[in-house]
Amino acid sequence: MADKYQPENDVKTKINRFLKTWVDCFHFPYSAMWGRAGIPDKLMIQDGRFIGIEAKKTPLTEGVSLVEPSPVQKLVHKLIRKAGGIVIVINEMDPIAQLKREFDKYGIRYNKSSKEKGKKK
């Protein structure tokens, strides 16, 4: 049976390509044994605001349930928001469209003409 989800690493790759086209400052935290559990996959500063982006595997078809963050991720996300930061969880079929909608919701500036496979800086 075919997988119903796009792998999380594929989602992260798409997000990385998009971010590299315009973001002023971003970081990919090391998340193995020595990293802190729950930290979002991407950390960035844009227009003076701290933003964490958590990538989850995304559905390949309509009607497949969305993947939610783990309890420890939800706790860290809550702490980031309490400190005034923004956390965006990417878990929909089109991760870049979802990311752009979230950026629009928070008034985060981005290059609206950027394609997912945009040019590297």
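The following exercises, each with a worked solution, concern the predicted model shown above.

Residues are numbered from 1 along each chain as its sequence is written. Because the model is predicted, local features need pLDDT of at least 70 and side-chain atom pairs count only at pLDDT 80 or more, while totals for chains, interfaces and linings use all residues; side-chain values use heavy atoms, with hydrogens and water left out.

**Exercise 1. The neighbours of strand β4**

Task: Determine which strands pair with β4, and in which direction each pair runs.

Solution.
Step 1. Helices (H or I, at least four residues) and strands (E, at least two) are DSSP runs, numbered from the N terminus. Two strands pair if DSSP finds at least two bridges between them.
Step 2. Strand β3 (residues 42-46) is joined to β4 by 5 bridges, and the two run antiparallel. Within this pair, Q46 has R49 of β4 as its bridge partner.
Step 3. Strand β6 (residues 86-90) is also joined to β4 by 5 bridges, but here the strands run parallel. In this pair, I53 is bridged to I88 of β6, and A55 stands opposite I90.

**Exercise 2. The turn at D47**

Task: Describe the connection between β3 and β4 and the backbone of D47.

Solution.
Step 1. The two strands form a hairpin with 2 residues between them.
Step 2. D47 lies in the loop between these strands. Its phi is positive, about 55°, although D47 is not a glycine.
Step 3. Residues are buried under 20% relative accessible area, exposed over 50% and partly exposed in between (1.4 Å probe, protein chains only). D47 has a value of 41%, and is therefore partly exposed.

**Exercise 3. Covered strands**

Task: State how many residues of β4 and of β6 are buried.

Solution.
Step 1. In β4 (residues 49-55), 5 of the 7 residues are buried.
Step 2. In β6, 5 of its 5 residues are buried.
Step 3. The two faces of β6 are both covered, with I86, I88 and I90 on one side and V87 and V89 on the other.

**Exercise 4. Helix α3**

Task: Compare the expected span of α3 with the distance between its end C-alpha atoms, and identify what covers the helix.

Solution.
Step 1. The expected span is 1.5 Å times one less than the number of residues. Helix α3 (residues 95-106) has 12 residues, so the expected span is 16 Å; the end C-alpha atoms are 17 Å apart, which agrees.
Step 2. The buried residues of α3 are P95, I96, Q98, L99, K100, E102 and F103. An α-helix has 3.6 residues a turn, so residues three or four places apart point the same way.
Step 3. Contact means heavy atoms within 4.5 Å. The elements that cover these buried residues include β1 (5-6), α1 (8-19), β3, β4 and β6.
Step 4. After the helix comes G107, with a positive phi near 70°.

**Exercise 5. The nonpolar core**

Task: Identify the residues with the most contacts inside the largest nonpolar core, and the elements that contribute to this core.

Solution.
Step 1. A nonpolar core is a set of buried Ala, Val, Leu, Ile, Met, Phe, Trp, Tyr and Cys residues joined through side-chain atoms within 4.5 Å.
Step 2. The largest such core has 17 residues, and I15, F18, L19, I53, L99 and F103 have the most contacts inside it.
Step 3. At least two residues of this core come from each of α1, β4, β6 and α3. The largest share, 4 residues, is supplied by α1.
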